[in-house]
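Here are my notes on this model, point by point. Please keep the structure open while you read.

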Amino acid sequence: MKEYIADLGIAAQLEQASSRGQKLFERLGGRPTLDRVHKIFYEKLYAHSWIGKYFEGIDRELITNQQSDFMGMLFGGPKIFSGRMPIDAHMHMMITAELFEVRHGLLRESLAESKINEPEFSEWLAVDAAFKRILIKKSVDDCKKRFNTDDIVNHLKAC
Ligand code: HEM
């Protein structure tokens, strides 16, 4: 996990975040806050005309919980995430910089609607933004199937 965080280039941010006295996870109010934000966030993702297509057939409650497990772990909470690391979970998805920014904007709205204050608001967004470099792809040829049975998931921007 330490190596993974170092690879993302967020080690310094997380270190700074916990040196404020309490870990980001605790300052946010723990798991109930992550659940509250992610409920709103995934409602927005599933309802979105473009990003929503990526989530067709994916159980919303499960993925919402997985996201809270994963971000909670990064923010210094319990290490209970049992899924794939994002680079492996998204290898078959064509994620452009524009798509990433749309998702990031919906996260920003969800944090604002959940009344998350500074500095936690910006720290959360900074951790999320660190994934851009590893998740976006230049071309669909850069996507790889996770399993033989996988389809490459590529949805064009809805008009
Ligand atoms: C536009 C960008 C993104 C899209 C379209 C997207 C879409 C998805 C989809 C469809 C899944 C379900 C995969 C499956 O179960 O087959 C998934 C899983 C997941 N995503 Fe994303 N995602 C994006 C960005 C991110 C980012 C930035 C993070 C982390 C900050 C993230 C964290 C996760 C995690 C933790 C899982 C669960 C992995 C597992 O349990 O195996 N995603 N994502």
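1. **A glycine to begin with.** The model is predicted. Gly29 counts as exposed, because only residues with 12 or fewer C-beta neighbours inside 10 Å do so, and Gly29 has 12. Its place is in the loop between α3 (24–27) and α4. Thr149 follows 120 residues along the chain from Gly29. The C-alpha atoms of Gly29 and Thr149 are separated by 41 Å.

2. **Overall make-up.** The chain has ten helices and zero strands. Read along the sequence, the pattern is therefore α-α-α-α-α-α-α-α-α-α. The radius of gyration is 16 Å, close to the 15 Å that the globule rule gives for 159 residues, so the chain is as compact as a globular protein of that length. Along the principal axes, the C-alpha atoms fill a box of roughly 45 × 35 × 25 Å.

3. **Burial and contacts across the chain.** What share of the 159 residues counts as buried? The figure is 19%. Now take the contacts between residues at least 6 apart in sequence. Of these, 75% join residues at least 24 apart.

4. **Helix α4, length and buried side.** α4 (31–47) has 17 residues. From its first C-alpha to its last it reaches 24 Å, close to the 24 Å expected at 1.5 Å a residue. Its buried residues are Thr33, Leu34, Val37, His38, Phe41, Tyr42 and Leu45. They cover an arc of only 145° around the axis, which puts them on the same side of α4.

5. **Helix α4, other side and cover.** Pro32 and Ala47 are exposed on the other side of α4. What covers the buried residues of α4? The cover includes α5, α6 and α8.

6. **Helix α8, length and buried side.** The 17 residues of α8 should span 24 Å at 1.5 Å a residue, and the end C-alpha atoms are 24 Å apart, which agrees. The buried residues of α8 are Arg103, Ser110 and Leu111. They cover an arc of only 100° around the axis, which puts them on the same side of α8. Note that an arginine, Arg103, is on this buried list.

7. **Helix α8, other side and cover.** The face of α8 turned away from its buried side carries the exposed residues Ala97, Glu98, Gly105, Glu109 and Ala112. The buried residues of α8 are covered by elements that include α4, α5 (51–54) and α9. The link with α4 shows from both ends: α8 is in the cover of the buried residues of α4, and α4 is in the cover of the buried residues of α8.

8. **Arg108 and Phe41.** Arg108 is found in helix α8. It has 16 C-beta neighbours inside 10 Å and so counts as partly exposed. Phe41 is one of the buried residues of α4. Arg108 and Phe41 are 67 residues apart in sequence, yet 8.9 Å apart in space, C-alpha to C-alpha.

9. **The loop after α8: Lys115.** Lys115 lies in the loop between α8 and α9. Its position is just after α8. Phi of Lys115 is near 60°, a positive value in a residue other than glycine. Is Lys115 buried or exposed? With 10 C-beta neighbours inside 10 Å, it counts as exposed.

10. **The same loop: Pro119.** Pro119 also lies in the loop between α8 (97–113) and α9 (120–129). The peptide bond from Glu118 to Pro119 is cis, with omega near 0°. Please look at this loop with both features in mind: the positive phi of Lys115 and the cis bond into Pro119.

11. **Around the ligand: which residues.** Which residues come nearest to the ligand? Of the 21 residues around it, they are Phe70, Gly83, Arg84, Ala89 and Phe131. By type, the shell divides into 14 nonpolar, four polar and three charged residues.

12. **Around the ligand: which helices.** α5, α6 (60–74), α7 (86–89) and α8 each supply at least two residues of the shell. The largest share, four residues, comes from α6. Two of these helices have appeared above: α5 and α6 are both in the cover of the buried residues of α4.

Terms used
Residues are numbered from 1 along each chain as its sequence is written. This is a predicted model: local features need pLDDT of at least 70, side-chain atom pairs count only at pLDDT 80 or more; totals for chains, interfaces and linings use all residues. A residue is buried if 20 or more other C-beta atoms lie within 10 Å of its own, exposed if 12 or fewer, and partly exposed in between; C-beta atoms are placed from the backbone. The expected span of a helix is 1.5 Å times one less than its number of residues. The arc is that of the directions from the helix axis to the C-beta atoms. Two residues are in contact if their C-beta atoms, placed from the backbone, lie within 7 Å. A residue is near a molecule or strand if its C-beta atom, placed from the backbone, lies within 6 Å of it. Ala, Val, Leu, Ile, Met, Phe, Trp, Tyr, Cys and Pro count as nonpolar, Asp, Glu, Lys and Arg as charged, and the others, Gly among them, as polar. The radius of gyration is taken over C-alpha atoms; the globule rule is 2.2 Å times the number of residues to the power 0.38.
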